[in-house]
Amino acid sequence: MGCDVPEPGRVTRPLVRWYARARRDLPWRGCRDPYRVWVSEIMLQQTQVERVREYFTRFTTRFPTVESLARAREADVLRLWEGLGYYRRARQLHAAARTIVADHGGEFPRSVEALRSLPGIGRYTAGAIASIAFGVRAPIVEANSRRVLARLVGHAAPVGGVAGDGPLWEVAERLVPARDPGLFNQALMDLGAGICTPERPLCPRCPLAEVCVARLTGRVAEIPAPTPRRAATIIRETAVVTRRGDRVLVERRGAGEWWEGLWDFPRAATAPRGRRLGVVTYTVTHHKVTCTVVERAARGPAPRPTRTHRWVAPRALDGLALSAPGRRIARLIATGED
Ligand code: SF4
């Protein structure tokens, strides 16, 4: 791959020593329960550690085992996930729990390959579960370790995605030790989170400073190369709060839509007449959405509820798994403020 990978012992030894005194105190650490490792890793994808802390504790208190998660209703899982975003993760977590119970007798598979066959478990999550919970010598590359590895070997090409990360997986594969691979992987992630940070890394305090190619060649600020950002797409939409007596209409987001399976307020193709409640703005992937919220009254008897439409009292919206904009519209209804 054209990069110099240091002799593994020169990385492993100082890194693991550093980790012994500097490790982060996180609620999913210090235990080898694959269920807890798995839930934390899925939550940590695209979500900050501090936010995950609180969700992880709540989630594992409510669903302490893979069996309890498998038995849960999807709506309850989504409700607990609300606010973490990327709900596909929650649905896949739930689906994988059911597969583990149905096909594996409630026991997690131990190999990376078998773990990767489960819904929502990719190469990184499988490596994390296998190495941390089962001591399998499996590498990992995620947001923090990707940066450390790229700098360590002076890998200046853009990273991320299957092609960009390929060379870093090779580096990780060569470095991960047979003894305590999970400890090494967690140390790599913690180093990236606390020392080898994206901006102004603390190289003088880094246990890998003596072998780090980026540091030794003065290229720390250039590595990893920034990924080109996609321009934001601007969207304007109108959400309709339809009232019938003391109830409002909600609809469930369909397959393939953002927030699939969650409840929300219907969107109108053309702006309907009605009272303007306010404006909610939100961002999804690279879309910036400005949503005008309009309230209107419906007449006649309420149709029967269906799987996709319900009439609910505004105070009952609290107990419903709503999309992120749906939750903010609910707040607008309740308080007049977003
Ligand atoms: S020496 Fe600096 S750039 Fe290199 S791994 Fe350590 S913190 Fe990162």
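I count two residues as in contact when heavy atoms of theirs lie within 4.5 Å. I also keep in mind that this is a predicted model.

**Entry 1: where α9 and α10 meet**

I looked up the contact with that cut-off in hand. On the α9 side I found Arg-146, Leu-149, Ala-150, Leu-152 and Val-153, and they meet Asp-165, Leu-168, Val-171, Ala-172 and Leu-175 in α10. I sorted the residues of this contact by kind and got 8 nonpolar, no polar and 2 charged.

How do the axes of α9 and α10 cross? I found that they come within 10 Å and cross at roughly 85°. That makes α9 roughly perpendicular to α10.

**Entry 2: helix α1 and its cover**

Next I turned to α1, which runs over residues 8-22 and has 15 residues. From its first C-alpha to its last, α1 reaches 21 Å, close to the 21 Å expected at 1.5 Å a residue.

Which residues of α1 are buried? I noted Gly-9, Val-11, Thr-12, Pro-14, Leu-15, Trp-18 and Tyr-19. Then I checked what covers them, and the cover includes α9 (143-153), α10 (161-175) and α11 (181-194). I was pleased to meet α9 and α10 again here.

**Entry 3: aromatic pairs**

I searched the whole structure for aromatic pairs and it gave 7. A pair of aromatic rings is described by the distance of the centres and the angle of the planes, so I wrote down both for two of the pairs.

My first note is on Phe-59 and Trp-81. Their ring centres are 5.9 Å apart and their planes stand at 85°, so I call the pair edge-to-face. Phe-59 belongs to helix α3 (residues 49-62) and Trp-81 to helix α5 (residues 74-81), so the pair ties together parts that are 22 residues apart in sequence. Are these two rings' residues buried or exposed? Phe-59 is buried, at a relative accessible area of 1%, and Trp-81 is buried too, at 0%.

My next note is on Trp-259 and Tyr-282, a pair that is also edge-to-face, with 5.7 Å centre to centre and 65° between the planes. Trp-259 sits in the loop between β2 (247-252) and β3 (263-264), while Tyr-282 is in strand β5 (residues 275-284), so this pair ties together parts 23 residues apart in sequence. I checked burial here as well: Trp-259 counts as buried at 13% relative accessibility, and Tyr-282 is buried with a relative accessible area of 8%.

I closed the page with a cluster: ring pairs link Tyr-35, Trp-38 and Phe-108.

How values were computed. Residues are numbered from 1 along each chain as its sequence is written. This is a predicted model: local features need pLDDT of at least 70, side-chain atom pairs count only at pLDDT 80 or more; totals for chains, interfaces and linings use all residues. Side-chain values use heavy atoms; hydrogens and water are left out. Helices (H or I, at least four residues) and strands (E, at least two) are DSSP runs, numbered from the N terminus. The expected span of a helix is 1.5 Å times one less than its number of residues. Buried means under 20% relative accessible area, exposed over 50%, partly exposed in between (1.4 Å probe, protein chains only). Axes are lines fitted to C-alpha atoms, for helices over the stretch in contact, and angles run from 0 to 180 degrees between N-to-C directions. Angles under 35 degrees count as roughly parallel, over 145 as roughly antiparallel, 65 to 115 as roughly perpendicular and the rest as oblique. Ala, Val, Leu, Ile, Met, Phe, Trp, Tyr, Cys and Pro count as nonpolar, Asp, Glu, Lys and Arg as charged, and the others, Gly among them, as polar. Rings of Phe, Tyr and Trp (its six-membered ring) pair if their centres lie within 6.5 Å; planes under 30 degrees apart count as stacked, over 60 as edge-to-face and the rest as tilted.
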